[in-house]
Every structure is written in structure tokens, then in C-alpha cells.
Amino acid sequence: MSKISVEVPDELLADLDDHVGDDGKFVNRSEAIRASVRKMLDVLDEIDERHGRLEDD
């Protein structure tokens with residue numbers, strides 16, 4: 001798995017941390033960010049499909 005580095009505003013990171021940990025939905029920040037990226041890519045694929053921009057495999 002590749003590692004990346006990103007800059008995140010403190011306010012956004014604080015909001016993310018509310019969902020991470022023993023009482024949160026995610027085990028750690030990395031899991032939360034991966035889930036968010038997957039969801040964003042799914043949404044973008046849906047948009048592309050509606051506009052006929054997806055290529056057939």
C-alpha cells in the first residue's frame with residue numbers, strides 16, 4: 001500500500017477525529033480517509049456514468 005502526505009485544515013481534522021477511535025465509526029484516521037476517498041470516487045463514477053463518460057472494460 002502506498003503512503004501519501006496531505007495538508008488538512010485543523011478544523012477538518014478535528015471533525016474527522018470526532019469519528020475516529022473507540023467511540024467512533026473508524027479505527028484510525030487512515031481508515032476514515034480511505035473510506036472517504038472510496039465514497040468520493042463512487043460518486044464521481046456515478047456522475048461520469050450519467051454523462052456518458054465511463055469507458056467499458
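The lining of the largest pocket has, by class, 5 nonpolar, 3 polar and 3 charged residues. I should state at once that this is a predicted model. The volume of this largest pocket is about 410 Å³. Its lining consists of Met 1, Ser 2, Lys 3, Ile 4, Ser 5 and Val 6, together with Arg 29, Ser 30, Ile 33, Arg 34 and Val 37.

Let me turn to the second largest pocket, where the space amounts to about 260 Å³. How many nonpolar, polar and charged residues does its lining have? The counts are 7 nonpolar, 2 polar and 1 charged. The residues concerned are Val 8, Leu 12, Leu 13, Leu 16, His 19, Phe 26, Arg 29, Ala 32, Ile 33 and Ser 36.

With regard to secondary structure, the chain contains 2 helices and 0 strands. Both α1, residues 10–17, and α2, residues 29–50, supply at least two residues each to the lining of the second largest pocket. Which of them gives the most? It is α2, with 4 residues.

One residue deserves separate attention, namely Ile 33. It belongs to helix α2. Ile 33 appears in the lining of the largest pocket, and it appears again in the lining of the second largest pocket. Is Ile 33 buried or exposed? Its relative accessible area is 40%, and because this value lies between the 20% limit for buried and the 50% limit for exposed, Ile 33 is classed as partly exposed. As for its position relative to Asp 23, the two residues are 10 apart along the chain, and their C-alpha atoms are separated by 17 Å. Arg 29 likewise lines the largest pocket and is listed for the second largest pocket as well.

I now come to the chain as a whole. Its radius of gyration is 15 Å, whereas a compact globule of 57 residues would have a value near 10 Å. Along the principal axes, the C-alpha trace spans about 40 × 25 × 20 Å. How much of the chain counts as buried? The figure is 4% of the 57 residues. The exposed area of the chain comes to about 5500 Å², and carbon and sulfur atoms supply 50% of that area.

To recapitulate, the two pockets have volumes of about 410 Å³ for the largest and about 260 Å³ for the second largest. Ile 33, in helix α2, contributes to the lining of the former and of the latter.

Conventions:
Residues numbered from 1 in each chain as written. Predicted model: local features only at pLDDT ≥ 70, side-chain atom pairs only at ≥ 80, totals over all residues. Heavy atoms only, no water. 1 Å grid on protein atoms, 1.4 Å probe; cavity = no way out; pocket = protein on both sides within 12 Å on 5 of 7 lines; lining within 4 Å. Points joined across faces, edges and corners; volume = space filled by probe spheres on them. Nonpolar A, V, L, I, M, F, W, Y, C, P; charged D, E, K, R; others polar. Rg over C-alpha atoms; globule rule 2.2 N^0.38 Å. Buried < 20%, exposed > 50% of the residue type's maximum accessible area, 1.4 Å probe, protein only. Areas by Shrake-Rupley, 256 points an atom, 1.4 Å probe, with all protein chains shown as cover.
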